[in-house]
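Visitor: I'd like to go through this one label by label. Could you show it to me and then explain where the labels come from?

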Amino acid sequence: MAGRGTNGRHGSRGHAGRAAALARLLHKECSQLLELYRNSESLPSSPVDGGYLVSIPPLVPQLSDAEKISILHAALKECLRLLEDVITREDADFSDEDSEYKRKRKTVRDRLGHLLASTEQLLVDGQKFEAKVKEELDGQAVRGSFGLKMWIVRVLQDLVHWTGQTSDTLRSLPAEMEKAPKTMSRRTRRGAEKIRK
Amino acid sequence: MGSSHDLLLLLMFLHYAVGNCVKILPDSSSNIVLEVGKDFTATCHLLEGSAYTSDDIEWSLGNVSIVKQSYRKINETSVSVTVNINSNMSGWLRCRAAKNSLSYAQTCIYGILLRTGYPPLKPKNLSCIAVQEDKDISSYLNCSWDPGSRNPLIVTTYTVYANVYVLSNRTDCNQHLARSCIVNLETFPIHMVLKVWVEVKNALGSERSEELQTDSSYFAKPNPPLNVQVLTEVNIPTCLMVTWKHPIDRTILKLSYVIEYRKAASDVWIEVPESFTRGYIESFRLQSLEPYTQYVVQMRCIGESYSSYWSNWSHSVTESTAECILLQAPVKANGKILLYNLSINQDNEMFESRNITADNLRQTYSMELPTGKMASIEITAVNSVGVSPKATLFIPRSDKELPGVEDMSWSVRDEKPELQVKWTAVLPLHHTLHLFEYLLEWVKIPQAVHQTELQADWQRVPNNVTITTLNADLEKFKRYNISVYPIYKYYSGHMWHFQAGRPVTRPAYIQQGTPEEGPTVTVTKSKKNSAELTWKEIPLDRQRGFITNYTIFYEIGNTKQWKSVTVGPNVHTHVLTDLASETDYVVNVEASTEAGSVNGTGCTFKTMKYGDGEVEVIVVVVCLSFLFLTVFIIMLCLRKREVLKKLLWPQVPDPSDSSIAHWSPDFPIKADLPKEDVSVVEVDVFDGKSLCEEDKGVLPLKKDKYLSEEHSSGIGGSSCMSSPRHSVSDSDEGDSGQTTASTVQYSSVRASGYKGQTPSHQPPAFARSESTQPLLDCEEHPDHLNESHSRSSYFRRGRELEPGVLAPECDGGSLTFCPVQEEEASPVAEDPSALCYMPQKSGYRPQ
């Protein structure tokens, strides 16, 4: 290993640092994927209206960092599910030829899986948040080929958004978070419960 | 192919077994794998109804029967066998039941297939790498490990596991003794913790390597920096700008860069400190370079905080620094020199001024510099950028020498090694004379024979420094002269002058060695007990160090008993003492430095038999001895001259015996007559001196009868012993023919004493001659003869003779000797008429 022993070492960064770097990378790749898709489908670069497909509780300042990460983790999880739906639908409907878009799409999917695994290390035990998807692929909103592409754009927009949110949140974590305490303070626990209600 | 063959054989044996009556436990439908080195026990059972007993059972491995000692009879139908497994035991283990005697019973046989091997060893030194591919890290993780040197002999599989949290990837490597394997991670899990290990498994066991668990970037190897370019800084000739592009986005791997550069003419790379290139930069300015010089630059990169593998080196880029105006004296060109401006001044008056082109650098100028005057030579170099400042060389006044440093010394620092020089600072001088700096000069000596100019190098040292290290790559075993010059500065004639003080020089070696050759010794002087040896100093380029001493070894012949003498390094002549005389010696001289010694060419010599002066002493002693002997003999001769005279000149017969009276044979008068000597007494008529002296003084003045007689009658003619003497002629007037034809006996009788002493006390002297010269005076001038006899001599007749008898004899012309009798000299003198010569009237008498 380049002359350095690595057994038992995880590098100089902590879990949060790695997760933040990964979220940043993923955010960038999601943006590239969206761009690639728009270019490949000759779609306008302006965002598609209709808001984000994935909805989560608002990330109010009262929330602790752990709670924010938990919420974002839930959102990313939904994003991954939507992306896999997109991949399934695209592979079923369109040609199987290799393209940069497809390679990037695969990278984003795998990277998103990595980010979920990484942020899961930061989650507090017993804490569960759920995110909702407004419009599913099989819903009424998606009609026709153009509607599918618009829906894919919206999925990709959501990816860009939520990975960006995650990246920002993780980068703003204080140093203590690097140590990733697995227990939650009484105050944050109460706050979380309040939101859930 | 092999496995199908084994299967066929197995089926064949199963067929045997089914239709047979034995079986082996343990049994298997496939191979039974056994570990080498361990014992294996199998039991052969005779099935019920078999016609055989356990005594009929035989075991064989392959085609070789197993010895009975390995059998163990369990019961009447079972026999086990135990073997120690080795690596060659792969094959069929058979159990056979048969009768030794002829029998119709069917042979029972059964077999199991054994495979031997080793359990796997733990893989060691696992390492994995994922190289950069395009703009990302490749998803293929290439892992390698050391499987160990032992061949497991059986099928062994290696499996690489790469886990990212709960996500797991694995790859089986089916190569025999696999050393590496590639795991496809689908997408490289950057910014994740990656855990990698290898499991190895075969029928005899499994092992797992140590885990590599770390940030995945540690498995990544980035590409070298992209598009590395080196740009010449036109306005900064000591700089080069290096630019590059990141090979990978910082969101994947944030890199640090390393820049190396070297002069194109050098092989030594200089690395820019990593702290200078820390940060996510894409350009760097190399500084403190030499103007107008080609440099080669290359780069590589690594993950920030060394969090990845090093990339390979980029391709190297060569570029030159820009030309530069000469900032200092024209030591370095800093560009292409177009020409030099040279001016020579004498006491601020221009003597010579020239423009010299760069291709004609060797110029000679002559200038007479009177005592008390100084000269300065100024030179500037011109390149395309501009003119350099002046370099000035002052030739100081010959009558003014400035002081040098003191206590200069040098030492070698072992690290590199380097030569360190130190000295005592120059004391403060006159207030107008300032110490500007020191200049250290080193010159390698001796130079090559064909080299006419000294190759001197130098470096400047600030005036407050008194110890420094030479920035020189000095050669080992070569002598250098290290000089320290204090450089003084003073203001005169509206300008600053620089003048070097007296240099202090010390020879030095960066490392000393054994001399290449020893001195050749020669023997310049060899004496009886000593020898002087001379040898030449070893040439400087062969000394390879400071000669600490010379050691002279010498031995007698080939006795191998060496003696040695050690002399100082400045001694080149030595005298060996206490040597044995007339002995062969072998000698050689050994030269020593602090690093070792070497023998020179020896020589042999032989000491002398005699010492200095011995031969001369012997010669002198012999000569002196001979001289003394000669003198002694002469003295002896003188003292014993009478004896010698008698021996050499025997006594002439007494003429008195030849008397006529006794002539007649019938009248033997001689027998009766008493012997009577006739003495011839010589009387000095002048002053009583001896005639011997008169011979010298008077002889030239007078030619009287007396001297005529003297000249004609001397025996030998020169001896004083025989004078005075008178010639006696036996001539006969009537028989002149006889006197001329025969030898005439001459004799003279000296009666006189020595130097006027009274002859009466002298014994009579008698001389005899056998000259053939006739007595002319006596014969031709008988008158003179008589006259002279009447004046200067007289005869005294012996007592026994009658006067009357003698007179006629003298007159007769025949002369005879007259023995002298001293005692009767006076009476004879009283008779002046007595004749000395008595003529022999009766003719010549034969003797």
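Visitor: What area is buried between chain B and chain A, and what share of that do carbon and sulfur atoms give?

Guide: Keep in mind that this is a predicted model. About 2500 Å² is buried between the two chains, and carbon and sulfur atoms give 54% of that. On the chain B side, B:Y165, B:H191 and B:Y218 supply 24% of the area buried against chain A, more than any other three residues.

Visitor: How many residues of each chain are in contact?

Guide: Chain B brings 30 residues and chain A brings 27.

Visitor: What makes B:E186 and A:K106 a salt bridge?

Guide: Their side chains come to 3.2 Å, N to O. The cut-off for a Lys or Arg nitrogen and a carboxyl oxygen is 4 Å, so the pair qualifies. Across this interface the rule finds four salt bridges. Strand 18 (residues 212-215) of chain B gives the most to the side touching chain A, with four residues. That side of chain B divides into 17 nonpolar, seven polar and six charged residues.

Visitor: On to the cysteines. How do you know that B:C128 and B:C143 form a disulfide?

Guide: Their sulfurs sit 2.0 Å apart, and the rule asks for within 2.5 Å, so the pair counts as a disulfide.

Visitor: Why is that link of B:C128 and B:C143 called right-handed or left-handed?

Guide: The torsion about the S-S bond is about 110°, so it's right-handed. B:C128 is in strand 10 (residues 124-133) of chain B and B:C143 in strand 12 (residues 140-146) of chain B, so the link ties together parts 15 residues apart in sequence.

Visitor: Why is B:C128 called buried or exposed?

Guide: Its relative accessible area is 0%. Buried means under 20%, so B:C128 is buried. B:C143 also comes out at 0%, so it counts as buried by that cut-off.

Visitor: And what about B:C623: why does it count as buried, exposed or partly exposed?

Guide: B:C623 has 46% relative accessibility. Partly exposed runs between 20% and 50%, so B:C623 falls in that class. B:C637, with 33%, is partly exposed as well.

Visitor: What makes B:C44 and B:C95 a disulfide?

Guide: The sulfur atoms are 1.6 Å apart; that is within 2.5 Å, so the rule accepts the pair. The angle about the S-S bond is -70°, and the link is left-handed. B:C44 lies in strand 3 (residues 39-46) of chain B and B:C95 in strand 8 (residues 91-97) of chain B, so the pair ties together parts 51 residues apart in sequence.

Notes:
Residues numbered from 1 in each chain as written. Chains lettered and ligands numbered in written order. Predicted model: local features only at pLDDT ≥ 70, side-chain atom pairs only at ≥ 80, totals over all residues. Heavy atoms only, no water. Contact = heavy atoms within 4.5 Å. Buried area = accessible area lost by both parts, 1.4 Å probe. Helix = DSSP H or I, 4+ residues; strand = E, 2+ residues; numbered from the N terminus. Nonpolar A, V, L, I, M, F, W, Y, C, P; charged D, E, K, R; others polar. Buried < 20%, exposed > 50% of the residue type's maximum accessible area, 1.4 Å probe, protein only.
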